[in-house]
Amino acid sequence: MRVRHSLRLKFAATFALVGVVLVLIHAVAILQLNRHQEAQLIDQIVSDEMEGLLQQYERIGSIDGPPYRQLQRFAVRAADRYRVEVREIGSMRFYLAYSVSLHEERAHAFTIALVLGAVFTALVTALIGLWASGWLTRHVVDLARRVRELDGRSGES
């Protein structure tokens, strides 16, 4: 029985290790893809807002009306991080500050969910590895017993 337990633990450890490595690679890839897409989204939002601001300025010669009137009264909070875009039209310089705090909060929640999912998947993989290794070693031990029995019979003749 010692051989069976040792073999079972080796199979289980190998299966669990491969599973955990695959889960971690997958989780890191998803996290990087999410960060990249979030950065692209922020850049697109800021660029679109700046384009709207500049079009309004070129059309009427001033900045007036939503959402720009709200932006002028916007209080910058020190704890927030901002994506800032600067553009010039002639001698006029336009600044647009976009708070990325909500994006960062969402990214943090996503990272926590991803980590919890990866841990859960790794645990399930380890449990499946234990079950599968038990099933596999049971068949290997049974096969070894049958071979010994056949060797014993051939030695008696």
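**View 1. Leu136 in helix α3.** Leu136 sits in helix α3 of this predicted model. The relative accessibility of Leu136 is 33%, so the residue counts as partly exposed. For that class, the value has to fall between the cut-off for buried, under 20%, and the cut-off for exposed, over 50%.

**View 2. The nonpolar surface patch around Leu136.** Leu136 belongs to a nonpolar patch on the surface, with an area of about 670 Å². The other members of the patch are Phe11, Phe15, Ile128, Trp131, Trp135 and Val140. Two elements, α1 (2–60) and α3 (101–156), each give two or more residues to the patch. The most comes from α3, which supplies five residues.

**View 3. The order of helices and strands.** The protein has three helices and two strands. Along the sequence, these elements follow the pattern α-α-β-β-α. Helix α1 covers residues 2–60, and helix α3 covers residues 101–156.

**View 4. Contacts across the sequence.** This view concerns contacts between residues at least 6 apart in sequence. Of these contacts, 63% join residues that are at least 24 apart.

**View 5. Surface and buried residues.** The protein has 157 residues, and 20% of them are buried. The area that the protein exposes is about 11700 Å². Carbon and sulfur atoms supply 64% of this exposed area. Leu136 is not among the buried residues, because its relative accessibility of 33% makes it partly exposed.

Key: Residues are numbered from 1 along each chain as its sequence is written. This is a predicted model: local features need pLDDT of at least 70, side-chain atom pairs count only at pLDDT 80 or more; totals for chains, interfaces and linings use all residues. Side-chain values use heavy atoms; hydrogens and water are left out. Patches are made of residues with over 30% relative accessible area and no salt bridge: like charges are joined within 9 Å, nonpolar side chains (Val, Leu, Ile, Met, Phe, Trp, Tyr) within 5 Å. Accessible areas come from the Shrake-Rupley method with a 1.4 Å probe; for residues, only the protein chains shown count as cover. A salt bridge is a side-chain nitrogen of Lys or Arg within 4 Å of a carboxyl oxygen of Asp or Glu. Helices (H or I, at least four residues) and strands (E, at least two) are DSSP runs, numbered from the N terminus. Buried means under 20% relative accessible area, exposed over 50%, partly exposed in between (1.4 Å probe, protein chains only). Contact means heavy atoms within 4.5 Å.
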